[in-house]
Amino acid sequence: MSATTRPSAPTPTAPGGLPLIGHAHRLARDPLPFITSLRRYGSVVRIRIGPSPAYVVTDPALTRRVLVTEAAHFPKGGRIIDALRLFFGDGLATIADGEAHLRNRRLIQPMFNKSHIADRGDAMIRQVRAMVEAWPQGAPRDVYADMNATTLAAFLVALFGTDLPDRLESEFTSLMPEIMEGTIRQTILPSWITGLPLPANRAHAARVARLRALIDQAIDHHVHRAAHPGTDGTGAVPAQCPHAPAPPTRQAGLFAALLTAETPLSRRQLQDEVITLLTGAIETTGTTLAWALYEISRDPGTERILRDELALVCAGRPLRHEDLDRLVHARRVLQEAIRKYGPAWMVTRTASRDIELGGHRIPEGADVVWSPYLHQHDPEVFPAPDVFDPDRWAPDRSQATRGSFLAFGDGRRKCIGENFAWTELQIILATILQTWPRIGVTSAAPSAQAVVTVKPDKLMMTFSSEASG
């Protein structure tokens, strides 16, 4: 039983709270040191965000209770989720627990099984290679922006297929960074500010409305192509010289599975799910890749192991999807980047009733906070947690980390796109290393900025065909 059956222990309150704002100044000024410092005060620690209390769970065993064994008493909710729901509707990441969530998850789950992803792997590789090969040699580039753009392009191919019109792909690409910036702003500002008719709020709402319109156009394009195969999307059959080589085969995207589901979603629900998938695919994956490239560039030994592994697996030919499972060290490097840098650092649930957690009473309606970043920097589980060490994930060591690597969540709300994320991460990292024999950082060492994800504040790198010595 999780209900209180004995006197609850007093829940420690984190020091440093201020009148009216509580610990909001710490969460804004130094969020990562603050959230990891809470471990020293106990397994459940009370903080205040403005006047409202929140309960931070620092013990991974108690986090598992929140996410898995007693998840029914800790439904998806809280400040961050509520802010996202205002703009992105009821997609899988934000929809409340219940029958609607279970129904939608069952509908979407087949999109992300390994066979569906494998069918689109080579199309993603071609898209990523075309983008990466177009980078000017030796020119300093904003790697965080590049990684977000590359992950978006790859995901659009996987989601909508290889026949998405160029104008739609271009507008998705230009619109999403602005939407992500606006979304981050909405989650960190007080709700009374985000509800005002300020220019920034109106602009964000207009961009989200435009994104929904683009999704509608992508859906209409798919429906028309399905009804009129062989046309250019307008109903006309493209002219072709009889001696020209056959065009590449058009491939349907993952989204086709939703459109042909036995119990179809409404247009609004389809929009919500696409927005959720797009935002989830870009920010977390792009952040991980940016940090991975940074760590590789400052560790010649790790870079050499990765390049040797690629040379052995690919034997001088371009990457193929079936190669990914053999890129063992690349997977470890990416997993260590996820561990060290989050990418998510604070996630909220809501207590559905008065409940006991680790001997502490959590009142009904309170925000319950868990932090993948905090758990993944626990020195008892990850010795020297600030050191980048891909060998933590070797089979003889990784068993000790079970229960503390929570980047994809756990339980019935675990990230549905985990398999896809690993595929996309490995494709992009391998393609960059295969395309560019030399990479290097040209900016100062980046600082970690905790907003929705833990991203680098500034990271400039160059890519060159000159092999490193």
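Let me begin with a definition: a residue counts as buried when its relative accessible area is under 20%, as exposed when that value is over 50%, and as partly exposed in between. With that in hand, please keep in mind throughout that what we are looking at is a predicted model.

Take the cysteines as our starting example. C415 has a relative accessibility of 37%, and because this value lies between the two cut-offs, C415 counts as partly exposed. C314, by contrast, is buried, since its relative accessible area is 1%. A disulfide, as a reminder, is a covalent bond between the sulfur atoms of two cysteines. How many disulfides does the structure hold? The structure holds zero disulfides.

The definition also helps with R26, which is found in helix 1, residues 24-29. R26 has a relative accessibility of 19%, and therefore it counts as buried, because the limit is under 20%. If we leave aside residues up to four places away in sequence, R26 touches P31 and F34.

Let us turn to the sheets. Strands of a sheet pair through backbone hydrogen bonds, either parallel or antiparallel. One open sheet here has four strands in the order 1-2-7-4, and its pairing is mixed. Strand 1 and strand 4, the latter at 347-350, are the edge strands, and each of them pairs on one side only. Averaged over this sheet, and with direction ignored, neighbouring strands are turned by 35 degrees against each other.

Where does the mixture come from in detail? Strand 1, residues 44-49, and strand 2, residues 52-57, run antiparallel and are joined by six bridges, and R48 has P53 in strand 2 as its bridge partner. These two strands form a hairpin with two residues between them, where G50 takes a positive phi near 70 degrees. Strand 2 also pairs with strand 7, residues 367-370, but here the sense is parallel, over four bridges. Within that pairing, V56 stands opposite V369, and V57 stands opposite W370.

A further open sheet has three strands in the order 3-11-8, with antiparallel pairing. Strand 3, at 141-142, and strand 8, at 438-441, stand at the edges with a single partner strand each, so one side of each is left without a neighbour in the sheet. Strand 8 pairs with strand 11, residues 460-464, in the antiparallel sense over four bridges, and G440 stands opposite T462 in strand 11.

Finally, I would like to look at a pair of helices. Two packed helices are described by the angle between their axes and the distance between the axes. Helix 6, residues 114-133, packs with helix 7, residues 143-160, at an angle of about 145 degrees, and their axes are 9 Å apart. The crossing of helix 6 past helix 7 is right-handed. Which residues meet there? From helix 6 we have R120, A123, M124, Q127, V128 and M131, and they meet A149, T150, A153, A154, V157 and A158 in helix 7. Sorted by class, this contact has nine nonpolar, two polar and one charged residues.

Terms used:
Residues numbered from 1 in each chain as written. Predicted model: local features only at pLDDT ≥ 70, side-chain atom pairs only at ≥ 80, totals over all residues. Heavy atoms only, no water. Pairing = 2+ DSSP bridges. Axes fitted to C-alpha atoms, helices over the stretch in contact; angles between N-to-C directions. Left-handed = near helix turned anticlockwise from the far one by under 90°. Contact = heavy atoms within 4.5 Å. Nonpolar A, V, L, I, M, F, W, Y, C, P; charged D, E, K, R; others polar. Disulfide = S-S within 2.5 Å. Buried < 20%, exposed > 50% of the residue type's maximum accessible area, 1.4 Å probe, protein only.
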